[in-house]
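Please open the structure in your viewer and keep the selection tool at hand. The tour below goes from stop to stop and says what to select at each one.

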Amino acid sequence: MVRRSADGPPRPRRRPARARRRRGTGRLAVLGATAALGGVGGAVAVAALGVGGGDTTTVAPASPVPTEQKALTADASGDALTAGEIYQRSKDAVVFITAQITEQRDTPFGPQSRSGEATGSGFVISQDGYIVTNQHVVAGAREVSVAVGDGAEQQAEVVGQDASTDIALLKVDTSGTELPVLSLGDSDAVRVGDATVAIGNPFGLDRTLTTGVVSALARTIQAPDGYAISGVLQTDAALNPGNSGGPLLDAQGSVIGVNSQIETSGTTAANTGVGFAVPASTVERVVEQLKADGTVTLGDPTGTQQQVP
């Protein structure tokens, strides 16, 4: 079995047009470390969900989500909403993230650098502009820009990042405007079979919704720095490169996890119905520390991290 990050080499910088012009389904960019855990080619892999590469493509505006839908199965925490209701309540707080990356490589002619662009997802957690995403989305970025909902692109500050939990905290200047937000839910109360909704930017297609259920609990995935992240949620909601950092929502529209990785077979990093999200309980504690001083103490706040051999 091989577990690896499957973001790909950064591509030349290309400015997106906001009129639904998004990046196409090109090759994936490897932006994180690759860690072999045994096995040979053709084995199962876990891939991080950033995206890069490919040409720009024009996508027609998505049709409105039907409002008359069957409610998602409710869990013990309250009445369920339909997927369309969750989408309408949440979409404006979902963020399209673009990171300008400089990649350093050793060559026979000495160290060389290459610049490019990577994209991912995130979501607003406070009206004054704090945004949560995956650490691997912004790792090594010299510049990060975001578009909140269908708003204009603007520069974002990386407040802090923790590679051991794959969580990063960004901040934008709201100029006094109160941004729409998503609330962190109780991931400890989640049960197998609970409904899930994922919203993100797979392959650069902004604010895409997919649905599923919680397939399993207490999974363990490998963080970008080699540590193990425990208590991870598994879902069959379709996740693809570009979903990294986006919210995994429950039937009440609360964030129960941050979509981070997918299980893949072979060399293609695309949805196979097995996705993983860092639980909201971990996210909440990490964000508190990142807000305070931009760093997270090793082994804290989750108390579940250990180095993967």
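The stops that follow begin with the whole chain and then turn to strands, residues and cores.

**The whole chain**

Start with everything selected. This is a predicted model, so colour the chain by pLDDT before anything else. The mean pLDDT of the protein chain is 77, and 70% of the residues reach 70 or more. Now select residues 1–45, where the pLDDT is below 50. Beyond near neighbours in sequence, this stretch has 146 contacts in the model. Next select residues 300–309, another stretch with pLDDT below 50; here the contacts beyond near neighbours in sequence number 29.

Switch to a cartoon view. The protein chain holds three helices and 17 strands. Of its 309 residues, 53% are buried. Contacts between residues at least 6 apart in sequence can also be sorted by separation: 68% of them join residues at least 24 apart.

**The barrel**

Select β6, β7, β8, β9, β10 and β11. In which order do the six strands close into a barrel? The order is β6-β7-β8-β11-β10-β9, and the pairing is antiparallel. From one strand to the next, the twist averages 40°.

Narrow the selection to β6 (residues 94–107) and β7 (residues 110–124). These two antiparallel strands are joined by 14 bridges, and they form a hairpin with two residues between them. To see one facing pair, pick Val94, which stands opposite Phe123 in β7.

Keep β6 and add β9, residues 141–148. The antiparallel pairing of β6 and β9 runs over seven bridges. Ala99 has Val144 in β9 as its bridge partner.

Now drop β6 and add β10, residues 153–162. Four bridges join β9 to β10, again antiparallel. One pair to show is Val146 with its bridge partner Gln154 in β10.

**Gly151, in a loop**

Stay with β9 and β10 and select the loop between them, where Gly151 is found. Is Gly151 buried, partly exposed or exposed? With a relative accessible area of 25%, Gly151 is partly exposed. Add Asp92 to the selection and draw a line between the two C-alpha atoms: Gly151 and Asp92 are 59 residues apart in sequence and 8.6 Å apart in space.

**Gln100, in β6**

Return to β6 and show the side chain of Gln100, which belongs to this strand. Why does Gln100 count as buried? The relative accessibility of Gln100 is 1%, so the residue falls under the 20% cut-off for buried. Show the side chain of Glu117 as well. The side chains of Gln100 and Glu117 make a polar contact at 3.1 Å.

**The nonpolar cores**

Select Ile97, Ile131, Val132, Val144, Val146 and Leu170. Within the largest nonpolar core, which has 46 residues, these six touch the most other members. β6 supplies the largest share of this core, five residues.

Centre the view on Val144. Leaving out residues up to four places away in sequence, Val144 touches several residues, including Ile97, Thr98, Val138, Ala156, Val158 and Leu170.

Apart from the largest core lies another one, of 10 residues. To find this second core, select Ala198, Val214, Leu248 and Ala277, which are among its members.

**A helix across strands**

Select helix α3, residues 280–293. Which strands does α3 lie across? They are β8 (130–133), β10 and β11 (167–171), and the helix runs at about 50° to β11.

**β12, β13 and β14**

Select β12 (residues 195–200) and β13 (residues 208–222), an antiparallel pair with six bridges. Gly200 stands opposite Thr208 in β13.

Swap β12 for β14, residues 228–235. β13 and β14 are antiparallel too, over five bridges. Their hairpin has five residues between the strands, and in this hairpin Gly226 takes a positive phi near 95°.

End at Gln234 in β14, the bridge partner of Ala216. Gln234 has a relative accessible area of 11%, so this residue is buried. Beyond its neighbours within four places in sequence, Gln234 is in contact with residues including Val213, Ser215, Arg219, Val274 and Phe276.

Methods. Residues numbered from 1 in each chain as written. Predicted model: local features only at pLDDT ≥ 70, side-chain atom pairs only at ≥ 80, totals over all residues. Heavy atoms only, no water. Pairing = 2+ DSSP bridges. Axes fitted to C-alpha atoms, helices over the stretch in contact; angles between N-to-C directions. Contact = heavy atoms within 4.5 Å. Buried < 20%, exposed > 50% of the residue type's maximum accessible area, 1.4 Å probe, protein only. Polar contact = N/O pair within 3.5 Å; in protein donor to acceptor, adjacent residues only side chain to side chain. Core = buried A, V, L, I, M, F, W, Y, C linked by side-chain atoms within 4.5 Å. pLDDT = per-residue confidence, 0-100.
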